[in-house]
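Trainee: Could you walk me through how to read a model with several chains? I would like to go from one chain to its contacts and then to a single strand.

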Amino acid sequence: MKAYIAKRLAWTFFATWVTLTITFILMDLSPISASGAEFVDQQVQAGMDADEARELYEEQLGYGDTMWDRYVNFMVGLATLDWGLSTTYNQPVVDVIANSWIYSFQYVFPATVISVVLGFAIGLYSATHQYTREDYAATLFAFTGISLPNFWFAIMLILIFGVYLGWFPIFYSTEHGLLSLENAHQLVLPVVVLSTSAIASEMRYARAESLEYVHAEFVKTARAKGLSEGQVTVRHIFRPAMVPLITILVGDILGLLFAGGYVIEVIFQIPGLGLVSYEAIIQQDMPLVLATVLVPVFIAIIGNLIQDLCYTILDPRIDFGDR
Amino acid sequence: MTEQPLLSIRDLKTHFHTDDGVVKAVDGVSFDVHRGETVCIVGESGSGKSVTSESITQLIPMPPGEIVEGSVYYDGNDITTMTEDGVRSLRGSQIGHVFQNPQGALNPVYTVGYQIREAILSHRDVSKAEARELAVELLEEVGIPEAPTRVDDYPHEFSGGMKQRVVIAIALACDPEMLIADEPTTALDVTIEAQILDLFRHLQQELDMSIIFITHDLGVVAEIADRVVVMYAGKVMETGSVEKIFENPAHPYTKALLECLPGQAGLEPIPGALPSVTDPPNGCRFHDRCPYAIDMCRTGEQPPLHDLPGDHAVSCIHYEDGDGDLPELEDVDRMDAAIGGAR
Amino acid sequence: MSTDTDSKHADVTFEDIDWEEYDGAREFTPLMLAKILVLGGITLAWVLDWQFGSHRDPLFTVDPAGILEIAPNPGNVEWLFTLTIAVLFFYVVVPLYLNPRMTRHYWREFKKNKAAVVSLVFLGFIFLLAVFGPFIFGRPEIDITNAYQPPVFAGGTWAHPFGTMQSGEDVFQIVIIGARVSMMVGLIGCLMIIVLASAVGTTAAYFGGMVDEVLMRFVDIMLTFPTFFLILYVVFLYGGDLFTIILILGLTTWTATSRLVRSEALQRNEEQYIDAAKNVGAGERWIITRHLVPNVSNTIITAATLVIPSLILYEAVLAFLGFGDPNVWSWGRAISVGRSDLQNAWWIATMPGVFLFLTVLAFNFLGDALRDALDPRHE
């Protein structure tokens, strides 16, 4: 068990290193990097001192003349949390992230909780009531939910509930305190949009995984013991289905929530990580773009680690010798 | 036998509604189980043995399954008319179940101790610690060595035979009066099978339970049965004491089954296959494969069970004339001609 | 075959099969020839166009009737799209036509799912609209005098059935062009995934050992990278026109499918016909292309079909955010434009969105039904 955890940690570090290397190579080979001279020229023409322009460019894309130098600087910078200076915000990238994450968290967290609870509950119900009318309705909802383009759904909700009915504000405002009722009110639509697709997708997975166990022999054993339907469903269908569901939760749902959050922040103008990243891309603020891409990557890597550790607790059959 | 039977199944019909039509898995089955006796249900795969046994405590999936007709009297009360809670209070506490495949019968994510405790706690008002003690005792009773430590092991740490012992321990958790064992040894090695059969015999003597034992292996029947129910395509072909069935089989199907036993002089396979259960043939379900079939066998319904001397009954028209035996094979064609001529 | 009958131990030698020759001989069936001619022709034309053609001018212009305008102005995407359609024709339509028994069997399985049949009809309609629509109904053009016309069912006229945008572009024409973009993204991307995933997956499964380890660990790492951000990052660095975006989408989304293909191929690799092929001396390339790939093709097709909806959605999101091709009217871009006009022209964001939603929904239903029909293990 300890050896397994050690191995898993080593793999995490290795994977992180490979991911960062790929990120660097992609950046270093890109036309944005190649156009360095052009960039400096432009800045000089725009009235900037040549040395200053060069400095600015290096600040954005990493120091060094050879690719190896740039690579080493890049990695050392990341490791020491020196992620560069954002040109749009004029402050260290780390600070920008530190100031904005709470705006993302405040609606992604409730959306995650809602979608996990509802998605698993509906999926479980659907699986134990296969081929009933409720099951078909739930499946139809799931297909609709995964097919609805997040951004369009958000706009349609704004059109109906914001523009026509006027129940909810069209744009997010930072004037209200994070824990105020007004803030909760203006976050209703973002949470609805984000959780709809997440519920749909979780419900599908939960249904499929639970179905594997609905007709399992041990479920029959459990019924033959005289357990109630509720006990059978929770203990003998849902609990074993949890094991594969954990994988999905981290792998797919995390990605879904991040990607969904990105467009939602752009649409509702919520100043979270997504909007910061969006503006950084528009402004060609390289260090900030890199940081806002790497934050979800790190979260995903850590999520994967936690997921694998959960696996060892949830599934007694796991073979620690493997991997 | 004048005392009231512990379990009495009357004209039970369990059907499954599928895309391809209604599967009449059990189509009018009746038999009794008395206290302390072992009744074996025998038949080929697909003859409705398992569905019969699972219909007793309504373990069949509903829907698509449905008990369309008939009654199941347990201790004088009809289970089919009980509420769900009523049926559930019987399961485990009065009637224990053991299933065919021990590999799948235990939930892989719980310890065996947990799974036995679960059965105890759902029917008895005992503390968790007491339930654990009981679980250890049960494991010892079914012959698991080092029970106090094994109780905290997970199912995958047990062998197939040991798993089946655990499943039996779960079934025995609340001292049921009746144990329903659905091919409990089919998935096991021959040596393990013998051990498990020994265990069943031992348990029955010790606890004085009624056992319904489902199998397709007549060798097993000969070893443990008091009485036998022969099923074919959802119908009962013949019932009787184990002596009657083995020494004096009445139904052509039973005769054919016994002839399939290895070691018998003329090892004869039964020609043909089970008839369709969605659209069963008219008349006797077995007529297609029966050498004694005459035209009358091919029309109408399955003949009713006809009482023979002793504890014995058969569903075959050849016994309705009262001579108590099948006709000679060469006479079969002549009988058709005679009846045809009379008509 | 020569056997030495004098010897007590018959000296049996197997006939040596010249695999090269056998492989080569197959190429001279008329179908193979047609395949090579068409696919090669399109590729050649593409290369010529890329080398010598000017992308501003149409190759040729025909204006037979007022409504029909043929002015092909193929960019890289158009060539790739043509190539994809040709591949689809030769590897989906032709085999289905040549094996009517198999086709009937699949159809029987498939048509059990009513939603999928409706989806197939709808997608067929969208496909035809995408391929021929722009030539029949024309491309959207700026027409300031016609700004903000409502759609026909909200008081507009049939001249602009879905209304117009703030600069007078016809929403119906935009919907058609958007359908073309979405079909391009979905089909080309799907084809890329099929090629990449089956190449990597079967190679890993066949060679095993270090090759497998390295390839699959790489796939593991790529799968950890949240796809949306990977796409966003690469589009930010390299993006621009539709062609690049489609390439990026294909190159970043094949990993999950390749893992699936590998596990499927591993199971197949255990089967006896692989051993049989090895025993008669077939080469590795032969075994992979003739035995492994055909036997995992159902898995590949199903998995790739299930990726199409997300490809289309990714492109739409990119276009919506403004990171797409600024010269192409994608559904996502149209929704983005309509967003600023929600107060006074709801149809601009609504109409393309409805089509986007229905197309994605139909692909999801279709993929689900394909899995049921093609994948015997799936219930």
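Mentor: Happy to. Keep in mind that this is a predicted model. Let us begin with the make-up of chain A, which has 14 helices and two strands.

Trainee: How many of the residues of chain A count as buried?

Mentor: Of its 323 residues, 52% are buried. Sequence separation gives another view of the fold: among contacts in chain A with a separation of 6 or more, 71% are between residues 24 or more positions apart.

Trainee: Now the interfaces. What should I look at where chain A meets chain C?

Mentor: Start with who takes part, then the area, then the chemistry. Chain A contributes 55 residues to this contact and chain C contributes 40 residues. Together they bury about 4,300 Å², with carbon and sulfur atoms giving 80% of that area. On the side of chain A, the residues that lose the most area to chain C are Phe143(A), Phe151(A) and Trp152(A), which together make up 15% of what that side buries.

Trainee: Which polar features cross between chain A and chain C?

Mentor: There are six residue pairs in polar contact, counting pairs with both residues at pLDDT 80 or more. The rule also finds one salt bridge across this interface. Arg204(A) and Asp368(C) form a salt bridge through their side chains, at 3.7 Å from N to O; the cut-off for such a pair is 4 Å.

Trainee: Which element gives the largest share of the side of chain A that touches chain C?

Mentor: Helix H1(A), residues 2–29, is among the elements that give two or more residues to that side, and H1(A) supplies the largest share, 11 residues. By class, this side of chain A has 43 nonpolar, 10 polar and two charged residues.

Trainee: And how do I read the contact between chain B and chain A?

Mentor: Use the same recipe. Here 27 residues come from chain B and 18 residues from chain A. The buried area is about 2,200 Å², and carbon and sulfur atoms account for 61% of it. Three salt bridges are found across this interface. In one salt bridge, Lys225(A) meets Glu118(B) at 2.7 Å, N to O. Polar contacts number 11 residue pairs, with both residues at pLDDT 80 or more. On the side of chain B, the elements giving two or more residues include helix H4(B), residues 112–121, and H4(B) provides the largest share, four residues. That side divides into 12 nonpolar, 10 polar and five charged residues.

Trainee: Last topic: strands. Are both faces of strand S9(B) covered or exposed?

Mentor: The general idea comes first: side chains in a regular strand alternate between the two faces of the sheet. In S9(B), residues 227–232, six of the six residues are buried. One side carries Arg227(B), Val229(B) and Met231(B), while Val228(B), Val230(B) and Tyr232(B) are on the other, and both faces are covered.

Trainee: Which strands are joined to S9(B) by bridges, and in which direction do they run?

Mentor: Strand S3(B), residues 38–42, runs parallel to S9(B) and is joined to it by four bridges. Strand S10(B), residues 235–241, runs antiparallel to S9(B), with six bridges. Try following one residue across: Arg227(B) stands opposite Val39(B), and its bridge partner in S10(B) is Ser241(B). S9(B) and S10(B) make a hairpin with two residues between them, and Ala233(B) in the turn has a positive phi of about 50 degrees.

Key. Residues numbered from 1 in each chain as written. Chains lettered and ligands numbered in written order. Predicted model: local features only at pLDDT ≥ 70, side-chain atom pairs only at ≥ 80, totals over all residues. Heavy atoms only, no water. Buried < 20%, exposed > 50% of the residue type's maximum accessible area, 1.4 Å probe, protein only. Pairing = 2+ DSSP bridges. Contact = heavy atoms within 4.5 Å. Buried area = accessible area lost by both parts, 1.4 Å probe. Polar contact = N/O pair within 3.5 Å; in protein donor to acceptor, adjacent residues only side chain to side chain. Nonpolar A, V, L, I, M, F, W, Y, C, P; charged D, E, K, R; others polar.
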